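Let's walk through this structure together, starting from a single residue and working outwards. Keep the viewer open as you read.

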Amino acid sequence: MPRRAHRAGLALVVAGTALIAVTYGLVRLAYGLYLPEIQADLGFDAGVAGAISSGGSSAYVVGAVLGFAAAGRRFRGLVVAAGATAAIGAAGMALAPDVVPFAVAALLGSTGAGLASPALVRILQRGLDDGRQAGAQAVVNAGTGPGLVAAGVLAFALLPQWRLAWFVAAGAAIVAAGAVLVLERRASDVRSGDAPGTESPATATATTTTTDAAPPGLVPPLGWIAAHRWVLLAALLAGGASAGVWNYGRSLLADAGVPAGVSAWAWVCLGAGGTAVVVTARPLSRLAPGALWALTLAAMAAGTAGLATLPGVVPAALVACAAFGWAYTAATGALIAWTAEIDAAQAASGTALLFVLLVLGQAAGAPLLGWVVAAHGYGAALTVAAIGALLAALPALPALSAARPSRPQEVAETPARAQGSR
């Protein structure tokens, strides 16, 4: 039975990782990857591109809030909804004859990512023993990195046929969601030892983990908000700064004359950089969360600025993308550790609020940077984004003198765990 349970749990983790990889890497964050070809075919400018991205971020937040609210009892329905919205949104983008239906489909597709993470938290609780859940959550939620790599490889193979790439993403969403549903039932049955379709008391009463920010407690008390004012501001600013690379990074490379097949590797580097956080987590765990935040935001600024200033130097541009991917992913882990250090009792609701603000920052930053693109070009927009990243590092400064180093094992897990949470 233990070996059978291990195999069933491993298969569930693989399926969950695939669902995160698809909903985040192949759908939500692939918008900026295909943006140059989409703009050329559908005929809209950078301002409209930023507005679409902003709407997608807002739709993601709505999906995440609804997902956290429903994950306790309707987790299977959330998996269906995540797969369906991602698939229908991706297919809608592939079929869109002009910008309006494309924008509607893009918003729907982004909702799938928001629905997926809360559902998978609950599903892994049911399907895995308590001792394996934390590690499994980290692996599954780190699926965004491999998803970005897959998106870049897909673009390299298919561009300029961007519509076909969205069809592939739609099919992958259906397959991944179906696999999660089938394997969740199998893992739960094996774990409980009951007949198929039953639920053991242990799984029925499983508690939520740090990343499951289900109400009540979605919004922390006012005292918590006051204590976290610098962290909240930092998350909002970082989200706005990150919108530069996520939305206009490849457009900048295309504008600099980099061939489409070569510039697609920028997304591979973004994903590889994000995945590399798993390797660097242990040495970074020796830093206090405030110091880690300042370091990662400085690295994000450096990666963004490097891409802005050297877009035509392909090796430098790809290194800059990898640095940005690493910095963004590590920064999300620093946010979790930072809020847990200030008030561990409110860590779950605090994490949910921080990631809502992070994505709302992206929603605000995308149209603002789109306006800068229209007025001054892609290089200027990413330069503004790099400055924004430096500003986002400043709120950590008051915490540096008072912060104490967190436990190594705690911080080592959080960057990878956070990867699928935004």
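**Starting from Leu369**

Setting aside the neighbours within four places in sequence, Leu369 makes contact with Gly240, Ala243, Gly244, Tyr248, Ala381, Val384 and Ala385. You will find Leu369 in helix 17, which covers residues 347-376. Is Leu369 buried or exposed? Its relative accessibility is 3%, below the 20% cut-off, so Leu369 counts as buried. One of its partners, Gly240, is 129 residues away in sequence, yet the two C-alpha atoms are 8.9 Å apart in space.

That pairing fits a pattern of the chain: among contacts between residues at least 6 apart in sequence, 86% join residues at least 24 apart. Before going further, please keep in mind that this is a predicted model. The average pLDDT of the chain is 84, and 85% of the residues score at least 70. Two stretches call for care. Over residues 194-217 the pLDDT stays under 50, and the model gives this stretch 45 contacts beyond four places in sequence. Residues 403-419 also have a pLDDT below 50, with 48 contacts in the model beyond near neighbours in sequence.

Now zoom out to the whole chain. Its secondary structure consists of 20 helices and 0 strands. Of the 422 residues, 58% are buried. Where do the buried nonpolar side chains gather? The largest nonpolar core has 129 residues, and the members touching the most others are Tyr34, Phe102, Trp166, Trp293, Leu297 and Leu307. Helix 16, spanning residues 314-342, is the biggest contributor to this core, with 14 residues. For a closer view, pick Tyr34: beyond four places in sequence, Tyr34 touches Ala151, Leu154, Ala155, Leu159, Trp162, Ala165, Trp166 and Arg250. Trp166, on that list, is also among the core members with the most partners.

Finally, turn to the outside. The chain exposes about 15,300 Å², and carbon and sulfur atoms supply 70% of that area. Which residues form a nonpolar patch on this surface? Trp230, Leu233, Leu237, Ile387, Leu391, Leu394 and Leu397 make one of about 610 Å². Helix 11 (229-255) and helix 18 (378-393) are the elements that give two or more residues to the patch, and helix 11 gives the most, with 3. Leu233, a patch member, lies in helix 11. Its relative accessibility is 36%, so Leu233 counts as partly exposed, whereas Leu369, where we began, is buried at 3%.

How values were computed. Residues numbered from 1 in each chain as written. Predicted model: local features only at pLDDT ≥ 70, side-chain atom pairs only at ≥ 80, totals over all residues. Heavy atoms only, no water. pLDDT = per-residue confidence, 0-100. Contact = heavy atoms within 4.5 Å. Helix = DSSP H or I, 4+ residues; strand = E, 2+ residues; numbered from the N terminus. Buried < 20%, exposed > 50% of the residue type's maximum accessible area, 1.4 Å probe, protein only. Areas by Shrake-Rupley, 256 points an atom, 1.4 Å probe, with all protein chains shown as cover. Core = buried A, V, L, I, M, F, W, Y, C linked by side-chain atoms within 4.5 Å. Patch = residues over 30% accessible without salt bridge, like charges linked within 9 Å, V, L, I, M, F, W, Y side chains within 5 Å. Salt bridge = Lys/Arg side-chain N within 4 Å of Asp/Glu carboxyl O.
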